[in-house]
Amino acid sequence: MNVGCHTSNFIHVPRSRQFGNKNFSSLMLCSLQFSVSLGMQDDHRLSTSDLEKKYGTSIDKGLSSARAAEILARDGPNALTPPKATPEIVKFLKQMIGGFSILLWIGTGFSWISFGIQLAQGVDSAFDNLYLGVVLALVVILTGIFAYYQEAKSTNIMASFSKMIPQQALVLRNAEKKEVPADQLVVGDIVEIKGGDRIPADIRLIFTQGCKVDNSSLTGESEPQSRSCDFTHENPLETRNIAFYSTTCVEGTATGIVINTGDRTIIGRIASLASGVGNEKTPIAIEIEHFVYLVAGVAISIGVLFFIISVSMRYKILDSIIFLIGIIVANVPEGLLATVTVSLSLTAKRMAKKNCLVKNLEAVETLGSTSIICSDKTGTLTQNRMTVAHLWFDNQIYSADTSEDQTTQPFDQSSPSWTALSKIVTLCNRAEFRPGQENLPIMKRVVVGDASETALLKFSEVILGDVMSIRAQNKKVAEIPFNSTNKFQLSIHETDDPHDKRFLLVMKGAPERILERCSTIMINGKEEPLDSEKAEAFQTAYMELGGMGERVLGFCHLYLPENEFPENFKFDTDSMNFPTSNLCFVGLLSMIDPPRSTVPDAVSKCRSAGIKVIMVTGDHPITAKAIAKSVGIISATSETVEDIAKRLNIPVEQVNRREATAAVVNGMELKDMSSEQLDEILREHSEIVFARTSPQQKLIIVEGCQRQGAVVAVTGDGVNDSPALKKADIGIAMGIAGSDAAKNAADMVLLDDNFASIVTGVEEGRLIFDNLKKTIAYTLTKNIAELCPFLIYIIASIPMPIGTITILFIDLGTDIIPSVALAYEKAESDIMNRRPRNKRKDRLVNEQLAVYSYLQIGIMQSVGAFVTYFTVYAEQGFLPSTLLGVRVDWESNAINDFEDSYGQQWTKYQRTYLQWTGYTAFFVSITIQQVADLIIRKTRRNSIFRQGLFRNKVIWVGIFSQIGIALILTYGLGHVTALNFTPLRFQYWFVAVPFAILIWVYDEIRKLLIRRYPGSWWDKNMYY
Amino acid sequence: MATLNEKKTCSERMADFRRFVWNPETKLFMGRSLINWVWISLYYLAFYVVMSGLFALSIYCLMRTINPYEPDYQDQLKSPGVTLRPDVYGDRGLQIYYNVSDNKTWEGLVTTLHTFLTAYTPAAQHLNINCTNNTYFIQDTFDGPNKTKLSCKFTSDMLQNCSGITDPTFGFPEGKPCFIIKMNRIIKFYPGNGTAPRVNCTYVGEESRLLEVDYYPVNGTFNLHYFPYYGKKAQPSYSNPLVAVKFLNITRNVEFKIVCKIIGAGITFDNVHDPYEGKVEFKLKIED
C-alpha cells in the first residue's frame, strides 16, 4: 500500500511541485485516455479464439504452470507497486536539518570552533564549549528523532489500516481449477469469478451468467453494471466485456482471460498517475514555516546586531561568537516544534475517536481552515441505502420514517387499501434476509437483492413483522422477474386464507406501465373504475413524488377468478397464460436514499461556520436537488434560476442570475463551461449542487474553488476521485465505501462515511489552531527573558545572569508539558460561529502575538527575573552598583581576591559558584513567571475566571510538572557542577511572584479592555 | 492546491517591501498610519517607564533590606581564598619563571611586590593602631572615628628580609626569592579557633624533597588580632595581614610545583573545584 504518499512533515515541506500547473486535470485525463487506448487497443474486440492465440492460452485448459511461471517472471506479480517511498534515512535526515535545526547546527559549529581555538590557546574553560556543542547537537538529534518517530507513527496507523487480507483467485491451470493468490495471476490466465468476488485483474470476459459488477471504485457510479461477452463499445472503459481490476462482482458468475496485471491494469495506471501529483504545502505547514522564518529572523538579526556591538565594544571575536551562540539558543524555542507535533497528534487521536482518521498530522489543522467542502452525496450525506419515503394510496400521500434506526412506521395504516398494498409489497419481492440475523435490528440486516427490493423488504418487515412467514403462507406459484423491457415484476401466489381458493396476482413496476395495465383503482379497500379524474390524481401524485427526486414504484394486484384458474392450474410464465391487464391499481411507493439524520444539523453548522458546502454527485439533478434541499445545502428560501423562471413564468434566460442564490449545475453544462464561467458560478451562488458529474469533473470543480482562494476539502471514494482528493487541500476518503486508491490519496479517512464527522473534524481543527497560537505565545514569551540576560551582559558587563545550558533546561524541560497542556484547552466561544480563517491574513503567529509576547509579557518576565538575580547577588555581598562593568575581572582566572561591596574577597571558583546560583535564581524566576504565563494563555479574549481555572486539568499537570522539574534540577541535581545548578535558598523562589501576579493582572486588564471596546485601537493592537 | 507562496522575483519582493515601508495609497508607514505610530510609541514609552519604575522600586526595596555592614549570607565564603604575590598567571595557573642572570626576567616580579607593599608603608597604615594582643580583636562597639571600628597596623617591615627595605630585590637575583601569601578577607571570620593560622609551603608531588623556607613574620603566622574583619564600612582602613615566604634551596633549571597552605582550624584546602581555597599552588623555575 502507499504509505509514502504523505510524508511531508510540517517542519520542512517539499519545495518542488511536480504538478503545480493549472492544466493538471486535463493533462491527467489525456494521459489516462492515452494510456487506456494504448494498453488495451483491441482486446475487447477480439474473438475468443483470437484472444487464445494472442495470449497463448486455452479456454479449456488454461495456461500450463510452467508458462504461467515464465510470464510471472517476465511481468512481475499482479499487484500495484506502492509509490516510491522516500527512503527512511532521507526522511530522518530531513528532520535533522529542517526548521530551527539549521540555527542550532550553526550554534553547534560555533561552539566547536571556539572549543578548538580555546584548546589551542590552552584556555581552561575550553571544554565548556565542547560540551555546549555536544548538548546542542543532541538537542537537534533528539528533537529530530522525536519528529521522525511521530511521523512514522502516524504513517503506520495508515499502513495497518490499509493492509488487506491476501486475495485468492480461482484459476484454470493445467486444465485444473485451483485457488491461487491473486498476485500470482498472469496475462492469459483463465479465471472464474462469482458474486461477491473482487475482480483480481483486468479481465476480458468470455462467459457470463447474470454477471453484474460494481465499478464504483473506478468510476464512482455505484449502480451495478451488467457484464456480458459482447463487444458493445469502442472504448474499452465502456464496453461490457471487460471487467476491471479492483472492482467487485455483485452477482452472477463469469469466466474471463486476464489481459492486464498489476500496474498495467486501468486502476494501476490511474494510481500511478495520482501518485505523481506532488503534495502541496498544508496551511499549517505554511504557518509554521512563517513562524520559523520570523523567529529565525529575530534570532539572526539580534545575534548579528549584538555581534557587531560586542566587537565594537572591544570584546574578543571569540567571546563575541560565544555571545552569538547564547543569543541563538535563547531565541530558538527548541522544544516548540516537538510540542506542536504532539499537540497535533493529540488532536488527531481525538479526531480518530470521532471517526476522522488523519493520515497526515498537518491535515488536522487544514480541516479547521476549510472554507469549502465538496461533498459526495451517496453515503456521505445520505445513508447509502434506498428507503421507502412516501406512499400514495386512497388518493393521499403518506410520509414514511426514513431515519437510520426506525422500528415502527407512524402513518395511518387502518385503511383496507394499505392492507392490500402491504400484501403486494411483501409478496412481489424476491429479496431475502441472509439467515442468522434475527437478533440484529431490521435496518442493519444484510439482504440479498437489489436496492429497491431491499428497501421494500425492510419496510414491510418493520410494519408487518416476519415477512418470510407471510411469504410462506402465501405460496408463490409463478413469477416473472423484473427486466428492462417489461419494466414490471409479477408473481402469483396462493392466498393465506384457506377458504379462499383464488390465486392472487401481484405486480409492481414503473408507475406509468403499471397504470396502463389497470382498469380499476382501489379506494378505501373498494375497487373503483379508473376514470380520467382518478388517473389525473395519480399523475399529480406521481409527479409530486418524482419531483422530490424519489424513485417511484406502482403496485397493482388481481385476484384471479377461481373458475378460470382452479387450484391445480399450471401457470406458464413464458406464454403468460394469465391476465396481465385490467388489474386493480392499489398504490404508489416512492423510495429515496435518505439523508443521514445528523447531516442537516452538520450542514447548518457549516453554514454558521462560514463554510460553503457544495454537493458533487453523479446522480440525477432532481434527486440531487431534493437531497440538497432536505439537508439544507440548498436552504428552504433560496431559489435556483430555474425556480425563479418557473415562479415568474418567464424564460430562464430572462432571469436575473444574481437573484438566484442556489444553482444546480449539470455535468453536461459543466463540460462546456470555460473556467471563467465556472468561477462565476462559484462566486455568484452560495448554494451549489453539481449533478451528473464524473469524477474527473470533480477535479475541475476543486480547482475552481481553489482559484477563489478557498481551502477546499473534498470527499471521495472511487479510484477516479483520487486525483481530486490529492488536488484538494484536504482529501477525505470514505472508510467504508472508499476504495484503497482513494484512501491512499486522501489526507483523512472518515471511518463512518458520515458528513457530520467532517464537521466535528473542522471544529477540532479550528480549536487546535487557536490552541497552537496559545502554545506559541506561551513559548515565545520566555525567549525574551532568556535573551535579555545576554544583551545586558554584553552592554552592562554584569556577571552572566543565565547560562546556555540552563536555557535549554527551560526550553526542553520545564516548558514542554505546559505547552502541550494548552492543546487540551476548551474553545473560548463557539468556534463554529465564525468564518474560516483567511489564510492570507489570519496568521498563526501574527504581529500582535509576537509583539505582545516579546515586548510586553516577555519584558515583565525579564524584569522579574533580573530582580531575583540582583537580590541573590546583593544578599551574598555584591550590590547591584558593584556589578556593573565587572565582567572582565569577574571572569578572570587570574583574580582570586575579587572584592565585593563589603570588602570581602572572592576566589574565581567562589564567584563562579555564585554565578551558577544566579543562573538557578534566574531559571527559577522564569519558571515561576511561566506559570502565570501559562494561566493567562488559557484564553485570548475571555477572563480566566470565565474559562475556569480548573476545567482543563492538564494545565495543572503542566504547572506541577514545571515546578517539579525545577525542584529536581535545583535540589536534586544542584551538586552536579556540569549542569550549573545550585541548591538555591528557598526564599528566592518567591521573589518573582509579585511579577507573576502582575502578568496575570495586566493580561486580565488587556482582555477586559478588548471585550469592552471591540474594534478599538486597543483591540486592534492587543488581541492576537 | 493553489499554492499560496507563488514564486516572486527579487525585484517584486523589493517592491513589496518598499510598499510595506511606505504605502503612498493608504499612507501607511510600515503597516501603520503615522498617528497610529505615535499612539503605539506613546503606549510603549509609558509601558517601559512604568516597568522601569517597577524595577527601580524593587531594587530600592531590596536596598532597604540590605545591611550596610555585612552581607546577609556568606554561602560561598566558608573558607578564605589565598593569593600569592607576585602573581603571574600562565595557561594553567600561577607560573613564576625567571633567570637570575637576566634582570629583565625578574624586575617585573620585584616591581609587583613593591607596588603591592605600598599599601603597607607606615604612611599608608597611619590610621591603624598598633596591636600587641595575640588574641582576636573583637569590637562590639564602634570605637573608631565616624562610626567605624579600629584596625590593626600591618607594615611591610614586619616581613623583615622580605620587606623590600633591606633587600629591594627580594632575593630574586640570589635565587632565594620572596613570595607574599595573602589570605582573603571574610567578614566575621575567626580563623584558627584561637590559635594563629600559619603558612606552610611544600613541594607538590615530590614529598621526599625538603623545601627550605624562611617565614616572615616568624613561623609564618597571621596574628589573631587582625581578625575578625568587620567589613569595608566598619573598617575602611583595614589591610590584610601578610606572610612572606623565602625559598632557600630551589634547584636551578628545574620546574617545581609548590603549594602554600594555610593551616588552621576553619580553613579548608581540600575543595577539588577551587584551587585557591585555603592554599595557593604555583610553579617555580629559576634558571641561570
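In the predicted model, chain A has an average pLDDT of 84, and 92% of its residues score at least 70. The pLDDT remains under 50 over residues 1-39 of chain A, a stretch for which the model nevertheless holds 90 contacts beyond four places in sequence. Over residues 160-165 of chain A the pLDDT is likewise below 50, and this stretch has 8 contacts in the model beyond near neighbours in sequence. For chain B the average pLDDT is 89, with 97% of the residues scoring at least 70. Residues 1-6 of chain B have a pLDDT below 50, and 15 contacts beyond near neighbours in sequence are found for this stretch in the model. For the complex, the predictor reports an ipTM of 0.93 and a pTM of 0.79.

The overall architecture of chain A comprises 36 helices and 28 strands. Taken along the principal axes, the C-alpha atoms of chain A fill a box of roughly 135 × 75 × 60 Å. Chain A contains 1024 residues, of which 58% are buried, and its accessible surface amounts to about 40,200 Å², with 58% of that area belonging to carbon and sulfur atoms. When contacts in chain A between residues at least 6 apart in sequence are considered, 72% of them join residues at least 24 apart. The charges of chain A number 100 positive and 108 negative, and the mean positions of these two sets are 5 Å apart.

Two residues of chain A illustrate its interior in detail. A:Phe306 is part of helix α9, which covers residues 283-312 of chain A. With a relative accessibility of 8%, A:Phe306 falls under the 20% limit and therefore counts as buried. When residues up to four places away in sequence are not counted, A:Phe306 touches A:Ile327, A:Leu791, A:Ile794 and A:Ile795. A separation of 18 residues in sequence lies between A:Phe306 and A:Leu324, whose C-alpha atoms are 7.5 Å apart in space.

A:Thr380, by contrast with a helical position, is located in the loop of chain A between β9 (372-375) and β10 (387-393). The relative accessible area of A:Thr380 is 0%, so this loop residue is buried. Leaving aside residues up to four places away in sequence, A:Thr380 is in contact with A:Ser375, A:Arg596, A:Val599, A:Thr715, A:Met734, A:Asp753, A:Asn754 and A:Phe755.

Chain B is built from 3 helices and 11 strands, which follow one another along the sequence in the pattern α-β-β-α-β-β-β-α-β-β-β-β-β-β. Chain B is more spread out than a compact globule, because its radius of gyration is 31 Å, well over the 19 Å that the globule rule gives for 288 residues. The C-alpha trace of chain B spans about 90 × 55 × 40 Å along its principal axes. Of the 288 residues in chain B, 43% are counted as buried, while the area exposed by the chain is about 14,900 Å², 57% of which is supplied by carbon and sulfur atoms. Among the contacts in chain B with a separation of 6 or more, residues 24 or more positions apart account for 74%. Chain B carries 30 positive and 27 negative charges, and the mean positions of the two sets lie 8 Å apart.

Several features of the backbone of chain B are found in its loops. The peptide bond from B:Arg85 to B:Pro86 is cis, with omega near -5°, and B:Pro86 itself lies in the loop between β3 (82-85) and β4 (89-90). A cis peptide bond also leads from B:Phe227 to B:Pro228, with omega near -5°; B:Pro228 belongs to the loop between β8 (213-216) and β9 (242-247).

The loop between β8 and β9 of chain B also holds B:Asn219, which has a positive phi of about 70° although it is not a glycine. B:Asn219 has a relative accessible area of 57%, over the 50% cut-off, and is therefore exposed. A positive phi, near 45°, is likewise found for B:Gln160, a residue other than glycine. B:Gln160 is placed in the loop between α3 (103-117) and β6 (178-183) of chain B, where its relative accessible area of 39% makes it partly exposed.

Definitions and conventions: Residues are numbered from 1 along each chain as its sequence is written. Chains are lettered from A and ligands numbered from 1 in the order in which they are written. This is a predicted model: local features need pLDDT of at least 70, side-chain atom pairs count only at pLDDT 80 or more; totals for chains, interfaces and linings use all residues. Side-chain values use heavy atoms; hydrogens and water are left out. Helices (H or I, at least four residues) and strands (E, at least two) are DSSP runs, numbered from the N terminus. The radius of gyration is taken over C-alpha atoms; the globule rule is 2.2 Å times the number of residues to the power 0.38. Buried means under 20% relative accessible area, exposed over 50%, partly exposed in between (1.4 Å probe, protein chains only). Contact means heavy atoms within 4.5 Å. Accessible areas come from the Shrake-Rupley method with a 1.4 Å probe; for residues, only the protein chains shown count as cover. Lys and Arg count as positive and Asp and Glu as negative; His and the chain ends are not counted. The place of a charge is taken as NZ of Lys, CZ of Arg, CG of Asp or CD of Glu. pLDDT is the predictor's confidence in each residue, from 0 to 100.
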